[in-house]
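This report describes one protein chain in terms of its domains, its pockets and its charged contacts. The sequence and the structure are shown first.

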Amino acid sequence: MRTDSKNVVFSPAPPTLEWIGGIDGVLRLLDQTRLPLEETTIDCRTAEDVWEAIRSLRVRGAPAIGVSAAYGVVIGVQSATTANRDAFDASLRRVCEYLATSRPTAVNLFWAIDRMRRTATESPRLDAKAMAERLLTEARAIEAEDRAMCLAIGRNGAELMPSEGGVLTHCNAGGLATAGDGTALAVLFAAHQVGKRIRVYADETRPLLQGARLTTWELIRRGVPTTLICDSMAGQVMKEGCIQAVVVGADRIAANGDAANKIGTYSVAVLARAHDIPFYVAAPSSTFDFSLPSGEAIPIEIRASEEITEGFGRRTAPRGVDAYNPAFDVTPAKLITGIITERGVIRPVNAETVQRLLRSV
Ligand code: MRU
């Protein structure tokens, strides 16, 4: 049980994601489409269940998508554990290709799937059953590493936060978006824990309201002072002097440090620069895509117009109106004060500094 600053009592929430059982197990997800009103879980028993959960944002946030996909691969080969190794490999190939079509922007999805594929390639002599066990071990390792990365990001970022003042965040880069404490929110949780007197301003994050529904839910449960604002208010609260730093997550970071994150992040970065406020991105090394020289090549997911015109089942625009719904945007490296990773802070942000921190052994 936890109590927030207004003495509301919270019972512990189910974990964001959890593998239940052994090799024949299921992936249990906290259904984030139901938050904050209902804390219900769903059990994914087929690769299709996992694909649907990722596509419809029951599980979301780049690292959580990656971990879920890794378990999705295990689920996808469960029916092939008595087959010969060639048939097992064919089934593995199929499920990897399939899960990779669930969402296009967060590179952690492809990173985790590639890692699972590589695990199989590196053990050509294991039989199907042993290979499935080995894949489950790898998925568990991806989950455990993600938790550790969140903790390190929190530690590395906390010292960059003001000792007192407001910090703005956009979308949800918290425990709901990872297997651990989150990325941007891990920084804020750590800053709060070491006694920094911060207040978090959470953008509501149109159109799917990850900020309003998820970020405030997490912050309040952890007792962090929180103020919810509409996205369009960010400039005004900055002008009023309420914001001393911005920290957001990322879905894919190109080799030069350009960072894709939830739509609206780029506008926040421009506003932060206009008001001379430091703008930080917090992300694990698994979110970097060194195959892309700049953010121009990052694929941006375009989602259904209905998310804008009739989000959450209520029509708010006239029938037949054209709507455009890119789910992410790219913030150029030149607007980013620093990228907080588990290995340290990249600052200033450019191809050379990114390379130096993350590619050196
Ligand atoms: O569409 P979503 O909710 O999956 O978008 C999530 C974000 O944009 C997060 O900020 C990002 O994945 C970082 S999560 C640590």
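## Salt bridges

Glu310 has a relative accessibility of 31% and therefore counts as partly exposed. The model in which this residue is described is a predicted one. Glu310 is paired with Arg315 in a salt bridge, with 2.7 Å between the closest N and O atoms. Arg315 is likewise partly exposed, its relative accessible area being 32%. Elsewhere, Arg103, Glu301, Arg303 and Glu307 are joined into one network by salt bridges that share partners.

Over the whole structure, a search finds 20 salt bridges. As a general principle, side chains of opposite charge can pair when their charged atoms come close. Three of the pairs are set out below.

| Salt bridge | Closest N to O distance |
|---|---|
| Asp43 and Arg28 | 2.7 Å |
| Arg222 and Asp181 | 3.1 Å |
| Arg315 and Glu310 | 2.7 Å |

Asp43 and Arg28 form a salt bridge with their closest N and O atoms 2.7 Å apart. This pair links distant parts of the chain, since Asp43 is in strand 5 (residues 41–44) and Arg28 is in strand 4 (residues 26–30), 15 residues apart. Asp43 has 26% relative accessibility and so counts as partly exposed. Arg28, at 28% relative accessibility, also counts as partly exposed.

The side chains of Arg222 and Asp181 meet in a salt bridge of 3.1 Å, N to O. Arg222 belongs to the loop between helix 7 (210–221) and strand 8 (226–229), while Asp181 belongs to the loop between strand 6 (164–169) and helix 6 (184–193), so the salt bridge ties together parts of the chain that are 41 residues apart in sequence. Arg222 is partly exposed, with a relative accessible area of 31%. Asp181 counts as partly exposed at 25% relative accessibility.

## Domains

The domain assignment divides the chain into domain 1 (2–150) and domain 2 (152–358). A distance of 24 Å separates the C-alpha centres of domain 1 and domain 2. Across the boundary, 36 residues of domain 1 are in contact with 39 residues of domain 2.

## Pockets

Rolling a probe the size of a water molecule over the atoms shows where empty space is left. The largest pocket has a volume of about 510 Å³. Its lining consists of 23 residues, and those nearest the centre of the pocket are Ala13, Pro14, Trp217, Arg221 and Arg222. Arg222 thus appears both in this lining and in the salt bridge with Asp181.

Helix 5 (128–158) and helix 7 each supply at least two residues of the lining of the largest pocket. Helix 7 provides the largest share, three residues. By class, the lining of the largest pocket has 12 nonpolar, four polar and seven charged residues. Where does the largest pocket lie with respect to domain 1 and domain 2? Both domain 1 and domain 2 give residues to the lining, so the largest pocket lies between them.

The second largest pocket holds about 350 Å³ of space. It is lined by 15 residues, of which Trp111, Ser285, Ser286, Phe288 and Phe290 are the closest to its centre. At least two residues of the lining of the second largest pocket come from each of helix 4 (107–121), helix 5 and strand 13 (288–289). Helix 4 gives the most to this lining, with five residues. Seven nonpolar, two polar and six charged residues make up the lining of the second largest pocket. Domain 1 and domain 2 each contribute at least three residues to the lining of the second largest pocket.

## Two individual residues

Is Ser91 buried or exposed? Ser91 has 8% relative accessibility and therefore counts as buried. This residue lies in helix 3 (residues 85–99). Apart from residues up to four places away in sequence, Ser91 touches Gly76, Val77 and Ala80.

Thr121 is placed in helix 4, the helix that gives five residues to the lining of the second largest pocket. At 61% relative accessibility, Thr121 counts as exposed. Thr121 and Asp203 are 82 residues apart in sequence, and their C-alpha atoms are 44 Å apart in space.

How values were computed: Residues are numbered from 1 along each chain as its sequence is written. This is a predicted model: local features need pLDDT of at least 70, side-chain atom pairs count only at pLDDT 80 or more; totals for chains, interfaces and linings use all residues. Side-chain values use heavy atoms; hydrogens and water are left out. A salt bridge is a side-chain nitrogen of Lys or Arg within 4 Å of a carboxyl oxygen of Asp or Glu. Helices (H or I, at least four residues) and strands (E, at least two) are DSSP runs, numbered from the N terminus. Buried means under 20% relative accessible area, exposed over 50%, partly exposed in between (1.4 Å probe, protein chains only). On a 1 Å grid over the protein atoms alone, a cavity is a set of points where a 1.4 Å probe fits but cannot get out, and a pocket is an open set with protein on both sides within 12 Å along at least five of seven lines; lining residues have an atom within 4 Å of a point. Grid points are joined across faces, edges and corners, and a volume is the space filled by probe spheres set on the points. Ala, Val, Leu, Ile, Met, Phe, Trp, Tyr, Cys and Pro count as nonpolar, Asp, Glu, Lys and Arg as charged, and the others, Gly among them, as polar. Domain bounds come from an automatic or database domain assignment. Contact means heavy atoms within 4.5 Å.
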